[in-house]
Amino acid sequence: MTSASPTSASFADTVLVSGALFTAGLSASRPGAVAVAGGRVVAVGSDDEVLALRGPRTEVVDLRGGLLVPGFQDAHVHPVAAGVDMLRCDVHHCGSAAETLAVVAEYAAANPGLPWVTGGGWSLEHFPAGTPTRGMLDAVVPDRPAFLPNRDGHGAWVNTRALELAGITATTPDPADGRIEREPDGSPQGTLHEGAMHLVERLLPTVTAADQRLGLLAAQEHLFSLGVTSWQDAAVGEMFGQSDLLPLYRAAAASGDLRASVVGALWWDRNRSSDQIADLVERRGDGGTDRFRPTSVKIMLDGVAENFTAAMLEPYLDDCGCGTDNTGLDFVDPVGLREYVTRLDAAGFQVHFHALGDRAVRHALDAVEAARAANGPGGAEHHLAHLQVVHPDDVARFAQVGATANIQALWAAHEHQMDELTIPFLGERRASWQYPFGDLLRAGATLAGGSDWPVSSADPLDGIHVAVNRRVPDAEDATEPLHAEQALPLAVALTAYTAGTARLNGLPGRTGRLEPGVAADLAVLDRDPFAGPAGEIAAATVVATYVDGECVFGGAGR
């Protein structure tokens with residue numbers, strides 16, 4: 001048995017027995033038990049060894065053959081926006097265009113006094129070319145403006161009234177960082193991409209501090225129900241109509257409402273240059289508390305492949321498979337980026353990149369390389385999120401420059417958005433470079449796992465399932481994996497979503513592992529995925545979640 005120092009409490013507060021354990025460093029689960037006292041793990045061993053620490057007030061939790069893991073950690077998530085959406089016109093769950101429209105119509109009818117219909121979460125795959133029309137939305141919301149971002153947050157569906165209020169017509173030029181989808185006559189069609197969303201977003205009613213607080217609390221409860229005990233909020237600042245989340249998080253940490261451990265990625269204003277670094281240092285302050293630390297900076301380098309705004313080294317193809325002159329968008333000058341990252345690194349910030357296309361990935365790696373050359377090795381755990389397309393020449397560079405691969409594994413599978421809206425416009429050669437998790441692992445890259453919720457499911461087990469199978473949960477056995485050679489072993493995927501993200505979030509040795517001395521942030525699964533077929537990983541569910549040894553979800557009757 002491994003145990004904490006002799007100064008630990010004589011008796012455990014809680015012992016968790018009769019199950020299996022997994023932690024980083026193992027290649028599979030193993031039988032075991034854990035004792036918790038004072039909010040920390042104090043012993044890891046056999047049932048008999050751990051039960052020896054039982055006292056008259058010790059709670060004994062029967063794992064019933066399930067798997068005990070360190071609490072999951074999400075390396076890239078937008079919980080406040082997701083929580084606010086949960087409380088508004090939430091269409092994330094809709095399975096078709098018809099269902100989406102029905103939910104919007106029902107919400108509008110139930111809330112006649114709202115000046116705008118807002119919310120969002122529609123799926124591109126439910127609409128031709130991923131671009132719903134204003135006419136469709138006019139049919140269910142004819143009386144007031146409507147603004148509904150899609151699931152990935154890189155486009156929005158608006159009705160005619162919203163376009164009129166924003167003054168968007170056939171003569172309105174596309175902004176430099178976005179595109180207005182148009183009818184054949186040039187008039188706005190009803191879908192706005194990237195920076196074009198702001199043309200309408202600026203008119204939306206302000207999301208109040210009270211709305212944000214309720215959204216954060218709703219999101220935290222949802223994440224706890226999935227075993228997530230820590231996360232990195234990937235956008236803390238004023239952008240795209242969102243008010244600054246920094247005061248919200250600080251207040252929630254001070255009041256005790258925030259029970260998870262959170263890193264805030266402060267938003268990099270792409271309309272400014274290095275002059276904003278002093279402001280970011282001021283916003284960081286003293287580095288925060290155990291519950292909230294605004295110690296990362298989010299730099300969004302490009303868009304997404306589905307609307308052709310992800311930055312690519314080679315042009316996209318058109319509907320006929322022919323080349324175009326569109327290589328996507330660079331939201332930040334790549335030369336300036338190297339300076340910005342070098343200065344942020346010197347100031348002690350971690351840099352959190354949105355890098356989806358292969359050109360954006362290369363620019364991010366160039367910037368990290370420049371920072372390491374100027375400031376020396378080590379430093380903050382800079383990381384690249386999304387990594388949809390990575391040029392083979394850049395795979396080995398992650399380990400070489402010390403950049404973490406922050407993967408959103410749920411996207412690495414064949415589904416409509418991939419097969420209809422992405423692969424045909426990338427071409428087979430470039431499409432084969434998508435989500436190269438296996439190559440990154442073999443090249444020595446450090447992996448961390450995230451969801452990008454509400455873009456996709458917040459459930460880590462869904463992402464882990466796809467990382468291992470390269471198929472979506474519940475896919476037919478005949479479904480072809482998306483480049484099966486890029487699959488990860490289950491132990492590696494679980495480690496990415498626990499210890500990997502703990503390292504990225506500056507918490508190695510404090511969370512992310514099952515060992516004496518670490519915080520007792522734990523998740524209990526109803527089964528051991530190592531004991532069953534890989535195709536059933538996502539069938540596992542979280543039945544209890546602990547933060548600092550206190551049960552924050554489930555646990556009753558176990």
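Mentor: In what follows, a residue counts as buried when its relative accessible area is under 20%, as exposed when that value is over 50%, and as partly exposed in between. Bear in mind as well that this is a predicted model.

Trainee: Why is D244 called buried?

Mentor: The relative accessibility of D244 is 17%, and the cut-off for the term is under 20%, so D244 falls on the buried side of that limit.

Trainee: What makes the contact of R283 with D244 a salt bridge?

Mentor: The closest N and O atoms of R283 and D244 are 2.6 Å apart, and the criterion asks for a side-chain nitrogen of Lys or Arg within 4 Å of a carboxyl oxygen of Asp or Glu, so the pair qualifies. R283 belongs to helix α9 (residues 277-284), whereas D244 sits in the loop between β14 (228-236) and α8 (246-255), so that parts 39 residues apart in sequence are tied together by this pair. R283 itself has a relative accessible area of 23% and is therefore partly exposed.

Trainee: How do you know that R291 and D548 form a salt bridge, and which parts of the chain do R291 and D548 tie together?

Mentor: The distance from N to O is 2.5 Å, which is to be set against the limit of 4 Å, so the side chains of R291 and D548 meet the criterion for a salt bridge. R291 is in the loop between α9 and β16, and D548 is in the loop between β22 (542-547) and β23 (550-554), so this pair ties together parts that are 257 residues apart in sequence. With a relative accessibility of 34%, D548 counts as partly exposed.

Trainee: Why are R397 and E369 placed in different burial classes?

Mentor: R397 has a relative accessibility of 12% and counts as buried, while E369, at 41%, is partly exposed, because the first class is under 20% and the partly exposed class runs from there to 50%. A salt bridge joins R397 to E369, with the closest N and O atoms 3.1 Å apart. The pair links helix α13 (residues 397-401), where R397 lies, to helix α11 (residues 358-375), where E369 lies, the two residues being 28 apart in sequence. Through salt bridges that share partners, R362, D366, E369, D394 and R397 are joined into one network. In total the structure holds 24 salt bridges.

Trainee: How do you know that C89 is in no disulfide?

Mentor: The nearest cysteine sulfur, that of C94, is 7.9 Å away, whereas a disulfide requires the two sulfur atoms to be within 2.5 Å, so C89 is left without one. The structure as a whole holds zero disulfides. As for accessibility, C89 is at 1% and counts as buried, while C551, with 32%, is partly exposed.

Trainee: Why are β8 and β9 said to pair?

Mentor: Two bridges join β8 to strand β9 (residues 117-120), and the strands run parallel; at least two bridges are needed for pairing, so the condition is met. In β9, G119 is the bridge partner of C89.

Trainee: What makes β8 an edge strand of its sheet?

Mentor: The open sheet has six strands in the order β8-β9-β10-β11-β13-β12, with mixed pairing. β8 (89-90) and β12 (178-182) each have a single partner strand, so one side of each lacks a neighbour in the sheet.

Trainee: Which strands stand at the edges of the open sheet of eight strands?

Mentor: That sheet runs β7-β14-β15-β16-β17-β18-β19-β20, with parallel pairing, and β7 (72-77) and β20 (447-449) stand at its edges, because each has a single partner strand. On average, neighbouring strands of this sheet are turned by 25 degrees against each other, direction ignored. Within the sheet, strand β16 (residues 292-300) pairs with strand β17 (residues 350-355) in the parallel sense over five bridges, and the bridge partner of S296 in β17 is Q350.

Trainee: What makes L87 eligible for a surface patch?

Mentor: L87 is partly exposed with a relative accessible area of 49%, and patch residues need over 30%, so L87 passes on accessibility. L87 lies in the loop between α2 (79-86) and β8, and forms a nonpolar patch with M86 and L214, their accessible area together being about 280 Å².

Trainee: Why is P56 called exposed?

Mentor: P56 has a relative accessibility of 81%, and exposed means over 50%, so the term applies. P56 is found in the loop between α1 (47-51) and β5 (59-62).

Conventions
Residues numbered from 1 in each chain as written. Predicted model: local features only at pLDDT ≥ 70, side-chain atom pairs only at ≥ 80, totals over all residues. Heavy atoms only, no water. Helix = DSSP H or I, 4+ residues; strand = E, 2+ residues; numbered from the N terminus. Patch = residues over 30% accessible without salt bridge, like charges linked within 9 Å, V, L, I, M, F, W, Y side chains within 5 Å. Areas by Shrake-Rupley, 256 points an atom, 1.4 Å probe, with all protein chains shown as cover. Buried < 20%, exposed > 50% of the residue type's maximum accessible area, 1.4 Å probe, protein only. Axes fitted to C-alpha atoms, helices over the stretch in contact; angles between N-to-C directions.
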